[in-house]
2 protein chains.
Amino acid sequence: MRKVAVIGLGMTKFGQLFDRDLVSLAVEAGAKAVRDAGVRQKDVEALYGGTMSGGLFINQEHLSSVLADKMGFRNIPSTRVEAACASGGLALRQGYIDVASGMHDIAVVGGVEKMTDIGTHSTTNVLATAADTEYEGAQGATFPGLYAMMAKLHMHRYKTTEEQMALVAVKNHKNALFNEHAQFQKQISVNDVLNSPVIADPLKLLDASPITDGAAALVLASEEKAHELCDTPVWIAGSGHATDTISLHDREDILTLKATVQAAKQAYLQSGLEPKDIGTVEVHDCFTIAELLALEDLGFVEKGKSGKFTEDGETEIGGKIPVNTSGGLKAKGHPIGASGISQAIEAVLQLRGDAGKRNTGAETAMTHNIGGTGGTAVVHIFKR
Amino acid sequence: MRKVAVIGLGMTKFGQLFDRDLVSLAVEAGAKAVRDAGVRQKDVEALYGGTMSGGLFINQEHLSSVLADKMGFRNIPSTRVEAACASGGLALRQGYIDVASGMHDIAVVGGVEKMTDIGTHSTTNVLATAADTEYEGAQGATFPGLYAMMAKLHMHRYKTTEEQMALVAVKNHKNALFNEHAQFQKQISVNDVLNSPVIADPLKLLDASPITDGAAALVLASEEKAHELCDTPVWIAGSGHATDTISLHDREDILTLKATVQAAKQAYLQSGLEPKDIGTVEVHDCFTIAELLALEDLGFVEKGKSGKFTEDGETEIGGKIPVNTSGGLKAKGHPIGASGISQAIEAVLQLRGDAGKRNTGAETAMTHNIGGTGGTAVVHIFKR
């Protein structure tokens, strides 16, 4: 497989963007990424896009064609991939495999979701289609409820506290203060989280990531093209992708996301790196408990110790492993299909040293994007 | 890029399968393909699946995880791709790129659609999401109407007749008589087609492919594994994929599907073959006019001459280029996500000499799968 670099990036503001449609968001992100890479539109040979549900959210499937057309990439191969909330990370991976294979030299990979214009379906119902419709959705289980079960058990088994989970939200909001693309640029306190409405005990509203519109895109290039076109290429050192049972009740232990463990193992193996070598990580914090589980499953802290680790400040900028410097899904926002790509954008900005007040000086970065309750996980490792 | 072979195949009966759900169809096709390849379940390293709209048809997204789980391929990377009616062909292509890249040695690629259990949405409305929702769907354009416009213009410009289009349906039904997996195993006549109800003038009901449930799967292997595991590998000699404007009204000429032309060009170039070298072809005959357009755009006959070519019997088994020996989408059935994979199954059966009374003795075969009115096209060339 050939070496592949990220040579350009672009994203829209994340938020409730009532004056924007999906196409305009995707076009903005794609155009910014192409401009950032300094390539011409006609140099782009392939497009990979992640979106969770164009069908249910905006009544439009076949977005691979729609977006290649409206972004001006006419006639090139364009592929939509979907793995619920991991759709963006998966688009990055498929674009990576494509360029690594030698099929194409320059590809745009992106993600987009328009979640706030929904008609006949409620957003929570659409999101529930990322779980097992028959065995979970039909029983009334939605994502807040499923993650609440994990949180309850983590508290019971490891003495994790609601305050420790709240600290995840507080840190991510703090990081987002310095991210102009974030949905929330507003500091919150532990008390704000604890006093926000309970959505599924023990999770409160401020333990949850928001509903968001947005798009993000990257330009990938082969080694030869990257050296030719870019002074600051960021290399994809490892790519991992794994699945697990779609339903929580089928797992041996709901506190270990096997998909995360397997995907991380692949990415570590390919890159030759270990958890201690990773400088900063963007993890999939759809709920605060999800960030804690990810820290353990990715190997940054022993199982059960993530609450204390967070309380000790080890996941803050300046800590042992800065986590979600972008603000994470929690504060930057979570436009499903775009989230995985926006994580990679933060990784690249960190490695370029272009993250402003969020800069960590990291020389390696990891991204971790999951679908559903861990039915899918996609992990990437980046190096300068 | 490494050489890649098809070493196993399996499909369900295509039809209105009211006693089956999507999962059971996918599991059946996958299990048959794995058995046909003679590999063990645990040898399968990656899964690629095409489906148009799990969301709108059965209220289930994240099928990549659901199907890896329920097919028993636990924890492996599983990717769902979607390009409307070209989803199956695209799953084959992405699996091909994956194995060609060196990422994995053995992959299962499949397609599935369950179209007859639909609840709140009508099937035609779901299918309309493969066109431009804003500029076509919202104006009331559905696929029969869009293809009818192409048929009208072909008749006007090239003097193609309704009888010539009907002959496409008659031939494909005749071929399907010998395909036990086909939805329709019933001979029809030109008069049957001409006297069937008009659905969008000049297209009649029997000019259209049916609504179908079904699944199909292939096992792909790297060159080394193929030689190790299989006595009759069929090689993927060329893979092409292209897009066009999603809307018909944006095209220079609605009688040339640029996506087909471009995708075919890529596949011909990669394989070193020309139209005259192709022994048999499965084309995307969602409507009879679509088969005629495909014959022209793939280079088998001059633009405008496909009606006469069909009338002369050149597309029958024994003719210059046998077309849709499986019965095509028209008679074998068109379970959207599965159709592209079932085309590849027919190509492999033909090259293995395992197509029974449909055998053509071909040494090369082509498949042509399109999405929407040609917003996507995926073309593959296979060799013994």
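**Notebook: where chains A and B meet**

I began with the contact between the chains, and found 49 residues of chain B touching 49 residues of chain A. A reminder to myself: this is a predicted model.

Next I looked up which elements of chain B give two or more residues to that side. They are helix 2 (54-58), helix 3 (63-70), strand 3 (78-82), helix 4 (87-101), strand 8 (234-243) and helix 10 (258-271). Helix 4 of chain B gives the largest share, six residues. I also sorted the residues on this side of chain B by character: 18 are nonpolar, 23 polar and eight charged.

**Strand against strand**

Which way do the two copies of strand 3 run when they pair? I found strand 3 of chain A (residues 78-82) and strand 3 of chain B paired in the antiparallel sense, over three bridges. Looking for who faces whom, I noted Glu82(A) opposite Arg80(B) of strand 3 of chain B.

**Symmetry**

I then laid chain B on chain A. A turn of 180° with a shift of 0.0 Å along the axis does it, at an RMSD of 0.0 Å. I can therefore write down a two-fold axis as the relation between the chains. Which C-alpha of chain B is nearest the axis? I found that of Ser101(B), 1.9 Å from the axis. Both copies use the same surface, since 100% of the contact residues of chain B recur in chain A.

**Helix 3 of chain A**

I turned to helix 3 of chain A (residues 63-70) and asked how many of its residues are buried. The count is eight of eight, so I have put this helix down as mostly covered. My list of buried residues reads Leu63(A), Ser64(A), Ser65(A), Val66(A), Leu67(A), Ala68(A), Asp69(A) and Lys70(A). After helix 3 of chain A comes Gly72(A), where I noted a positive phi, near 85°.

**Two domains within chain A**

Last, I looked inside chain A. The domain assignment gives domain 1 (4-120 + 212-234) and domain 2 (130-209 + 237-383). Taken over C-alpha atoms, the centres of these two domains of chain A are 23 Å apart. Their contact takes 36 residues from domain 1 of chain A and 33 residues from domain 2 of chain A.

On the domain 1 side, strand 1 (4-11), helix 4 (87-101), strand 4 (106-113) and strand 7 (214-222) of chain A each supply at least two residues. Helix 4 of chain A has the largest share of that side, eight residues. By character, I noted 21 nonpolar, eleven polar and four charged residues on the side of domain 1 that touches domain 2 of chain A.

Key: Residues are numbered from 1 along each chain as its sequence is written. Chains are lettered from A and ligands numbered from 1 in the order in which they are written. This is a predicted model: local features need pLDDT of at least 70, side-chain atom pairs count only at pLDDT 80 or more; totals for chains, interfaces and linings use all residues. Two residues are in contact if their C-beta atoms, placed from the backbone, lie within 7 Å. Helices (H or I, at least four residues) and strands (E, at least two) are DSSP runs, numbered from the N terminus. Ala, Val, Leu, Ile, Met, Phe, Trp, Tyr, Cys and Pro count as nonpolar, Asp, Glu, Lys and Arg as charged, and the others, Gly among them, as polar. Two strands pair if DSSP finds at least two bridges between them. Copies are superposed by least squares on the C-alpha atoms of residues with pLDDT of at least 70 in both. A residue is buried if 20 or more other C-beta atoms lie within 10 Å of its own, exposed if 12 or fewer, and partly exposed in between; C-beta atoms are placed from the backbone. Domain bounds come from an automatic or database domain assignment.
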